[in-house]
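Q: Could you take me through a few features of a model, giving the general idea each time and then the case at hand?

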Amino acid sequence: MTQHQRLLIIDFGSQVTQLIARRLRELSIYCEIHPYQKVTDAFLQDFAPKAIIFSGGPDSVTREGSPRPPKSAFTLGVPILGICYGQQVMMQELGGLVESGHGTAEFGRAFVTPTDKSLSILEGWFDAGQEQVWMSHGDHVSRIAPGFEVYGTSPGAPFAITADVARHFYAVQFHPEVHHTPKGAKLYENFVRLAGFTGDWTMASYKDDAIAKIRAQVGDKRVICGLSGGVDSSVAAVLIHEAIGDQLTCVFVDHGLMRLNEADEVVSMFRDNYNIPLIHADEADLFIGALEGVSDPEVKRKTIGKLFIDVFQREANKIEGAVFLAQGTLYPDVIESVSFSGGPSVTIKSHHNVGGLPEKMGLKLVEPLRELFKDEVRALGRELGLPEKFIGRHPFPGPGLAIRCPGEITREKLDILRKADAVYIDQIRKHGLYDEIWQAFVAILPVKTVGVMGDGRTYDYACALRAVTSVDGMTADYYPFSHDFLGETATRIINEVKGINRVTYDITSKPPGTIEWE
């Protein structure tokens, strides 16, 4: 198997550390994020990074006991890039000084002015003088460490860009990983180039390595894969099938909460196109029966999660000799499962597929996508030959239409929602907008409104259209449809979908909203 050049990201708790990894993966660089507590001297020796990045973080290096990297990181002889808190911890550890307060906090857009343009990681920067960056710091570096020079300043950060060129140590006070730093990607590109990376991380090589790993892990044993119909589990299933053939059986738990004709499309694709053994457990009556009248979103999710486990376990028990359970776990799931502080985190919403299947079933896990981000999964799917129409589909939540139906769930509302959603997506495709949008859907609202159709009075449901643009799903903004498009779509929905007489468009960004309604 290929031994890729590896970059280590030491995480100090930033909300945007994942974005660093995404920027690097886009440059065909293999990298991993690990919390600072895990990165010991022994870990560093074993990981053998070709370069290291220190992430930002919410703590203050002036606080006793605040997070630190191992001192051996500075003696490995590899390039290091410190970002925000990462810059401050680098300065503090190497003999500089960081202070709190004194009116030098910066949050949001700022402009950096160069003091010396010769620094190699700044190639392509400062062509027009200043560069826009994104700042988020309360503390500031008041004295740089010995050996460092200043290469850029901002109004609140006199040492916005510093470097010790002899040791290949670089530090910036801003966040180059976010889109609000327009040339941030170029800075990362320069850093990995000077670190000697050749960009050997490709989906073709990943596919070959993953197949080899699956064969080595599974041997001649049987594998069960929980197929949701989404991109992640589908790509995982096709990859595993390519590795071990008929040793794989997929179980598709059909909860009756999918989009119009979607369950039939999933079954057809796997049975007809890939000849993968598939159990189709049609349990729509069970799920919808348990959900009817339920309005609390957390109860909806937990009800679906429990029933999913029960049905999956029942069907899986029919497969003799199964030793492994395959899941479409992605790298963001892996990262988020590790608590940076070791303490509890706030639950925004629970997820239906976090239900303890392996523990309950006594099966070993096969997770061939656990090193990949969503866009990389799509690239892998293309390598495996999955249809582009399927690979490019918008994300769809595990609980399905249940969380696009605020208030009580009824079969009538689900049927109306399916039809309205189909019209909306058809409109988006007809106007050539589908690939510009991260996610689009209809939510049926828990209210009825008075309307007039023909000469009669109606009293039907209102619905909300939702469409967002996003790079990673962490933040999102609404898609700016034209009024002509919205008017045409509203007319079609009202004319073609019995039960809806009013259409609205949701223009809330994330944050403060979430992408889904529940």
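A: Two packed helices are described by the angle between their axes and the distance between the axes. Here the axes of helix α5 (residues 203–218) and helix α12 (residues 374–383) come within 9 Å and cross at roughly 75°, where axes are lines fitted to C-alpha atoms, for helices over the stretch in contact, and angles run from 0 to 180 degrees between N-to-C directions. Helices (H or I, at least four residues) and strands (E, at least two) are DSSP runs, numbered from the N terminus. This is a predicted model, in which local features need pLDDT of at least 70 and side-chain atom pairs count only at pLDDT 80 or more, while totals for chains, interfaces and linings use all residues. Residues are numbered from 1 along each chain as its sequence is written, and side-chain values use heavy atoms, with hydrogens and water left out.

Q: Which residues of α5 and α12 make the contact?

A: On α5 they are M203, A204, Y206 and K207, and on α12 they are E376, A379, L380 and E383, contact meaning heavy atoms within 4.5 Å. By class, the contact has five nonpolar, no polar and three charged residues (Ala, Val, Leu, Ile, Met, Phe, Trp, Tyr, Cys and Pro count as nonpolar, Asp, Glu, Lys and Arg as charged, and the others, Gly among them, as polar).

Q: How is empty space found, and where does the second largest pocket lie?

A: Rolling a probe the size of a water molecule over the atoms shows where empty space is left. A pocket is, on a 1 Å grid over the protein atoms alone with a 1.4 Å probe, an open set of points with protein on both sides within 12 Å along at least five of seven lines, and its lining residues have an atom within 4 Å of a point. The second largest pocket lies between domain 2 (203–392) and domain 3 (410–505), because both give residues to its lining; these bounds come from an automatic or database domain assignment. Its lining has 20 residues, of which L260, E265, K389, R393 and R429 lie nearest the centre, and α14 supplies the largest share, six residues.

Q: What should I look for in the backbone?

A: Most residues other than glycine have a negative phi, and most peptide bonds are trans. In this model, A48, in the loop between α2 (41–47) and β3 (51–54), has a positive phi near 50°. A cis peptide bond joins K510 and P511, with omega about -15°, and the bond from P511 to P512 is cis with omega near 10°.
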